[in-house]
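Okay, thanks for making room for me today. I'd like to walk you through one chain, and I'll keep it informal.

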Amino acid sequence: MLITIPMIIVVGVLAWLIRPREGLSGSGRLAMPATIVLPCLVAVAAVIVQLLYNATGVAGISDLSNTLFVIGLGLIGIAILLLVVFAVKRKGDVVKAIGFGICIDVIVYILVFGLLEWLAGV
């Protein structure tokens, strides 16, 4: 937990610096929610599965919630690869929107990591 708070602060400042401005194109407006929604849904599913696992009375980390967490990290990795592709193609609005979405996803996954570890009792 000692490293979690500074990481959230650094990613939050980075998100503030690259936040989308008023003049986003249509593809930029679509890229941001497309980057944010799916990893956040997977994170919520991982927390719900861990809560259901804890409700059975077993103390520990659920394999399914662990797998969902890793799948969400993979989705963030795919978003980073897409960011590089769009940066090479010089699509500035899309790059800013995807970068902002990745920052939001990283903040969510840092919080989910701490929450899953807390729920598992580790």
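**A walk through the chain**

Let's start with D105, which sits in helix α4, residues 92–120. Is D105 buried or exposed? It counts as buried, because its relative accessibility is 1% and the cut-off for buried is under 20%. So what does D105 touch, once you leave aside its neighbours within four places in sequence? The partners there are T35, I36, P39, C40 and I76. Take I36 from that list: D105 and I36 are 69 residues apart along the chain, and their C-alpha atoms are separated by 6.0 Å. I should say right away that this is a predicted model, so please hear every number today as computed.

Staying in helix α4, there's also G99. G99 is buried too, with a relative accessible area of 9%. Now, how far is G99 from L68 in space, C-alpha to C-alpha? That comes to 22 Å, with their positions 31 residues apart in sequence.

Okay, over to helix α2, which covers residues 26–55 and is where you'll find R29. R29 has a relative accessible area of 54%, so it's exposed; the line for that is over 50%. Pick V94 as the other end of a ruler: R29 and V94 are 65 residues apart in sequence, and C-alpha to C-alpha they're 8.0 Å apart in space.

Next up, S62. At 5% relative accessibility, S62 counts as buried. Which residues does S62 contact, again skipping neighbours within four places in sequence? Those are V49, Q50 and Y53. And if you put a ruler from S62 to A34, you get 28 Å C-alpha to C-alpha, for a pair 28 residues apart in sequence. Yes, it's the number 28 both times, once in residues and once in Å.

Now helix α1, residues 4–17, and in particular I5. Why is I5 called partly exposed? Because its relative accessibility is 49%, and the exposed class needs over 50%. I5 is also one of the residues in a nonpolar surface patch, together with I9, V13, W16 and L17. That patch is about 550 Å².

Let me zoom out to the whole chain. How many helices and strands are there? Four helices and zero strands, so to speak α-α-α-α if you read along the sequence. The C-alpha trace spans about 50 × 25 × 20 Å along its principal axes. Of the 122 residues, 34% count as buried.

On contacts: take those with a separation of 6 or more, and 73% of them come from residues 24 or more positions apart. The D105 and I36 pair, at 69 residues apart, is one you can look up on the screen.

For the surface people, the accessible surface comes to about 7,600 Å², and 77% of it belongs to carbon and sulfur atoms. And for anyone thinking about electrostatics, there are 7 positive and 5 negative charges, and the mean positions of the two sets are 18 Å apart.

So, to wrap up with the residues we visited: D105 is buried at 1%, G99 is buried at 9%, S62 is buried at 5%, I5 is partly exposed at 49%, and R29 is exposed at 54%. That's my tour, thanks for listening.

How values were computed: Residues are numbered from 1 along each chain as its sequence is written. This is a predicted model: local features need pLDDT of at least 70, side-chain atom pairs count only at pLDDT 80 or more; totals for chains, interfaces and linings use all residues. Side-chain values use heavy atoms; hydrogens and water are left out. Helices (H or I, at least four residues) and strands (E, at least two) are DSSP runs, numbered from the N terminus. Buried means under 20% relative accessible area, exposed over 50%, partly exposed in between (1.4 Å probe, protein chains only). Contact means heavy atoms within 4.5 Å. Accessible areas come from the Shrake-Rupley method with a 1.4 Å probe; for residues, only the protein chains shown count as cover. Lys and Arg count as positive and Asp and Glu as negative; His and the chain ends are not counted. The place of a charge is taken as NZ of Lys, CZ of Arg, CG of Asp or CD of Glu. Patches are made of residues with over 30% relative accessible area and no salt bridge: like charges are joined within 9 Å, nonpolar side chains (Val, Leu, Ile, Met, Phe, Trp, Tyr) within 5 Å. A salt bridge is a side-chain nitrogen of Lys or Arg within 4 Å of a carboxyl oxygen of Asp or Glu.
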